[in-house]
Amino acid sequence: MTTLAWSDSLALQHPQMDATHEEFVALLASTEASLAGPEPALLASFEALVEHTVAHFDQEDRWMAATGFAPENCHAFQHQAVLGVMQECAKRAALADAPDFEPLRVAVGELAVWFPQHAQMMDAALAQHLEAVGFDPVSGQCREAIGADGEAISGCGGGSCG
Ligand SMILES: [Fe+2]
Ligand SMILES: [Fe+2]
(Lines give C-alpha, C1' and ligand atoms only; values in the text may rest on other atoms or scores of the structure.)
(Ligands and ions follow the chains in the order given, each with its own letter.)
Protein backbone atom coordinates (compact mmCIF):
# COMPACT_ATOMS: atom_id res chain seq x y z
CA MET A 1 0.00 0.00 0.00
CA THR A 2 1.30 3.44 -0.88
CA THR A 3 1.51 5.79 2.04
CA LEU A 4 0.19 9.24 1.28
CA ALA A 5 2.56 11.87 2.63
CA TRP A 6 2.10 15.62 2.71
CA SER A 7 4.01 17.44 -0.01
CA ASP A 8 4.00 20.77 -1.81
CA SER A 9 2.08 19.16 -4.65
CA LEU A 10 -0.93 18.93 -2.31
CA ALA A 11 -0.73 22.56 -1.18
CA LEU A 12 -3.38 24.87 -2.63
CA GLN A 13 -1.98 28.18 -1.36
CA HIS A 14 -4.94 28.57 0.97
CA PRO A 15 -3.37 28.49 4.47
CA GLN A 16 -6.44 27.32 6.40
CA MET A 17 -7.42 24.67 3.84
CA ASP A 18 -3.82 23.48 3.56
CA ALA A 19 -3.47 23.18 7.35
CA THR A 20 -6.64 21.06 7.51
CA HIS A 21 -5.44 18.91 4.60
CA GLU A 22 -2.06 18.38 6.23
CA GLU A 23 -3.84 17.18 9.40
CA PHE A 24 -6.02 14.86 7.29
CA VAL A 25 -2.95 13.34 5.61
CA ALA A 26 -1.24 12.86 9.01
CA LEU A 27 -4.31 11.17 10.54
CA LEU A 28 -4.68 8.93 7.49
CA ALA A 29 -0.98 7.97 7.69
CA SER A 30 -1.28 7.06 11.36
CA THR A 31 -4.40 5.00 10.62
CA GLU A 32 -2.49 3.24 7.86
CA ALA A 33 0.38 2.57 10.28
CA SER A 34 -2.18 1.04 12.69
CA LEU A 35 -3.35 -1.51 10.10
CA ALA A 36 -0.70 -3.97 11.27
CA GLY A 37 -1.48 -3.49 14.96
CA PRO A 38 -4.32 -4.41 17.34
CA GLU A 39 -7.82 -3.69 16.07
CA PRO A 40 -8.98 -1.44 18.95
CA ALA A 41 -6.11 0.97 18.20
CA LEU A 42 -6.90 0.81 14.48
CA LEU A 43 -10.54 1.66 15.15
CA ALA A 44 -9.61 4.53 17.48
CA SER A 45 -7.29 5.95 14.83
CA PHE A 46 -9.91 5.66 12.10
CA GLU A 47 -12.57 7.24 14.32
CA ALA A 48 -10.23 10.21 14.91
CA LEU A 49 -9.90 10.51 11.12
CA VAL A 50 -13.70 10.41 10.70
CA GLU A 51 -14.18 13.08 13.37
CA HIS A 52 -11.59 15.30 11.69
CA THR A 53 -13.22 14.72 8.29
CA VAL A 54 -16.62 15.87 9.62
CA ALA A 55 -15.05 19.23 10.55
CA HIS A 56 -12.90 19.35 7.37
CA PHE A 57 -15.85 18.85 5.01
CA ASP A 58 -18.11 21.07 7.09
CA GLN A 59 -15.59 23.90 6.85
CA GLU A 60 -15.44 23.69 3.05
CA ASP A 61 -19.24 23.29 2.79
CA ARG A 62 -19.68 26.47 4.88
CA TRP A 63 -17.21 28.37 2.68
CA MET A 64 -19.12 27.24 -0.41
CA ALA A 65 -22.46 28.24 1.12
CA ALA A 66 -21.01 31.65 2.00
CA THR A 67 -19.68 32.28 -1.49
CA GLY A 68 -22.59 31.51 -3.78
CA PHE A 69 -22.67 27.72 -4.17
CA ALA A 70 -26.01 25.91 -4.23
CA PRO A 71 -26.42 23.51 -1.26
CA GLU A 72 -26.53 20.49 -3.62
CA ASN A 73 -23.35 21.38 -5.57
CA CYS A 74 -21.22 18.42 -6.65
CA HIS A 75 -18.29 19.14 -4.31
CA ALA A 76 -20.53 19.09 -1.21
CA PHE A 77 -22.25 16.00 -2.64
CA GLN A 78 -18.93 14.18 -2.90
CA HIS A 79 -18.13 15.14 0.71
CA GLN A 80 -21.44 13.58 1.83
CA ALA A 81 -20.80 10.38 -0.11
CA VAL A 82 -17.23 9.91 1.16
CA LEU A 83 -18.10 10.73 4.75
CA GLY A 84 -21.07 8.35 4.58
CA VAL A 85 -18.79 5.48 3.53
CA MET A 86 -16.25 6.32 6.25
CA GLN A 87 -18.94 6.40 8.94
CA GLU A 88 -20.35 3.08 7.74
CA CYS A 89 -16.86 1.51 7.87
CA ALA A 90 -16.35 2.77 11.45
CA LYS A 91 -19.80 1.50 12.45
CA ARG A 92 -19.15 -2.00 11.13
CA ALA A 93 -15.75 -2.22 12.82
CA ALA A 94 -17.32 -1.07 16.09
CA LEU A 95 -20.06 -3.75 16.13
CA ALA A 96 -19.97 -5.38 19.57
CA ASP A 97 -20.91 -8.94 18.57
CA ALA A 98 -19.32 -9.37 15.13
CA PRO A 99 -16.94 -6.50 14.31
CA ASP A 100 -16.07 -6.34 10.59
CA PHE A 101 -12.80 -4.51 9.87
CA GLU A 102 -12.60 -5.44 6.20
CA PRO A 103 -14.43 -2.35 4.84
CA LEU A 104 -12.33 -0.07 7.07
CA ARG A 105 -9.08 -1.67 5.86
CA VAL A 106 -10.12 -1.22 2.23
CA ALA A 107 -11.24 2.38 2.88
CA VAL A 108 -7.84 3.38 4.29
CA GLY A 109 -6.15 2.45 1.00
CA GLU A 110 -8.87 4.03 -1.09
CA LEU A 111 -8.79 7.30 0.84
CA ALA A 112 -5.07 7.61 0.07
CA VAL A 113 -5.94 7.40 -3.64
CA TRP A 114 -9.07 9.56 -3.42
CA PHE A 115 -7.65 12.46 -1.40
CA PRO A 116 -5.00 13.82 -3.85
CA GLN A 117 -7.56 13.70 -6.67
CA HIS A 118 -10.18 15.51 -4.61
CA ALA A 119 -7.69 18.11 -3.36
CA GLN A 120 -6.21 18.81 -6.79
CA MET A 121 -9.59 18.98 -8.49
CA MET A 122 -12.49 20.10 -6.29
CA ASP A 123 -10.59 21.70 -3.40
CA ALA A 124 -8.22 23.48 -5.80
CA ALA A 125 -11.22 24.91 -7.68
CA LEU A 126 -12.74 26.04 -4.37
CA ALA A 127 -9.48 27.65 -3.24
CA GLN A 128 -9.30 29.53 -6.55
CA HIS A 129 -12.92 30.65 -6.21
CA LEU A 130 -12.35 31.85 -2.60
CA GLU A 131 -9.32 33.80 -3.77
CA ALA A 132 -11.27 35.32 -6.71
CA VAL A 133 -14.08 36.58 -4.49
CA GLY A 134 -11.68 37.69 -1.74
CA PHE A 135 -13.30 35.46 0.90
CA ASP A 136 -11.95 35.94 4.42
CA PRO A 137 -12.48 32.69 6.40
CA VAL A 138 -12.12 34.54 9.70
CA SER A 139 -14.84 37.14 9.14
CA GLY A 140 -16.86 35.08 6.62
CA GLN A 141 -16.97 38.20 4.41
CA CYS A 142 -16.16 38.55 0.71
CA ARG A 143 -14.39 41.45 -0.97
CA GLU A 144 -16.44 40.95 -4.15
CA ALA A 145 -20.24 40.88 -4.31
CA ILE A 146 -21.56 37.31 -4.43
CA GLY A 147 -24.44 36.10 -6.55
CA ALA A 148 -25.28 39.55 -7.90
CA ASP A 149 -26.94 37.83 -10.86
CA GLY A 150 -28.89 35.57 -8.50
CA GLU A 151 -27.36 32.41 -9.97
CA ALA A 152 -26.17 29.84 -7.42
CA ILE A 153 -23.14 27.72 -8.40
CA SER A 154 -24.18 24.09 -8.77
CA GLY A 155 -20.93 22.66 -10.16
CA CYS A 156 -17.61 22.58 -8.31
CA GLY A 157 -15.58 24.54 -10.86
CA GLY A 158 -13.29 21.51 -11.27
CA GLY A 159 -12.13 20.19 -14.62
CA SER A 160 -14.36 17.11 -14.30
CA CYS A 161 -17.47 19.17 -13.77
CA GLY A 162 -19.76 19.76 -16.71
FE1 LIG B 1 -10.63 19.36 1.56
FE1 LIG C 1 -13.41 19.13 -0.47
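Here is a walk through this predicted model, from the overall fold down to a few single residues.

Let's start with the whole chain. The protein has four helices and zero strands, so to speak an α-α-α-α run when you read from the N terminus. Along the principal axes, the C-alpha atoms fill a box of roughly 55 × 30 × 30 Å. Of the 162 residues, 26% count as buried. As for how the chain meets itself, take the contacts with a separation of 6 or more: 68% of them join residues 24 or more positions apart.

Now come in from the N-terminal end. Before α1 there is a segment that holds Gln13, and the backbone there is worth a look: Gln13 has a positive phi of about 60 degrees although it is not a glycine. Is Gln13 buried or exposed? With 10 other C-beta atoms within 10 Å, Gln13 is exposed, because the cut-off for that class is 12 or fewer.

Next comes α1 itself, covering residues 15-33. Its 19 residues, at 1.5 Å each, should span 27 Å, and the end C-alpha atoms are indeed 27 Å apart, so expectation and model agree. Which residues of α1 are buried? They are Met17, His21, Phe24, Val25, Leu28, Thr31 and Glu32. These residues sit on the same side of α1, because they cover an arc of only 125 degrees around the axis. Turn to the other side of the helix and you find Pro15 and Ala19, which are exposed. What does the buried side of α1 pack against? Its partners are α2 (39-66) and α4 (102-133).

That brings us to the interior. The largest nonpolar core has 14 residues, and Leu28, Cys89, Leu104 and Ala107 are the ones that touch the most other members. Helices α1, α2, α3 (74-93) and α4 each give two or more residues to this core, with α4 giving the most, at four residues. Leu28 you have already met, as one of the buried residues of α1. Leu104 is another good place to look around: leaving aside neighbours within four places in sequence, Leu104 is in contact with Phe46, Cys89, Ala90 and Ala93. Apart from the largest core lies another one, made of 13 residues, and its members include Trp63, Met64, Ala76 and Ala119.

Two more residues round off the tour. Glu60 lies in helix α2, and despite being a glutamate, Glu60 is buried: it has 20 other C-beta atoms within 10 Å, and the class begins at 20 or more, so Glu60 just qualifies. Once neighbours within four places in sequence are left aside, Glu60 is in contact with His79, Asp123 and Leu126. Ala125 is 65 residues away from Glu60 in sequence, yet their C-alpha atoms are 12 Å apart in space.

Gln87, in helix α3, falls between the two classes. It has 14 other C-beta atoms within 10 Å and is therefore partly exposed. From Gln87 to Trp114 it is 27 residues along the sequence and 16 Å through space, C-alpha to C-alpha.

Methods: Residues are numbered from 1 along each chain as its sequence is written. Chains are lettered from A and ligands numbered from 1 in the order in which they are written. This is a predicted model: local features need pLDDT of at least 70, side-chain atom pairs count only at pLDDT 80 or more; totals for chains, interfaces and linings use all residues. The expected span of a helix is 1.5 Å times one less than its number of residues. The arc is that of the directions from the helix axis to the C-beta atoms. Two residues are in contact if their C-beta atoms, placed from the backbone, lie within 7 Å. A nonpolar core is a set of buried Ala, Val, Leu, Ile, Met, Phe, Trp, Tyr and Cys residues joined through C-beta atoms within 7 Å.
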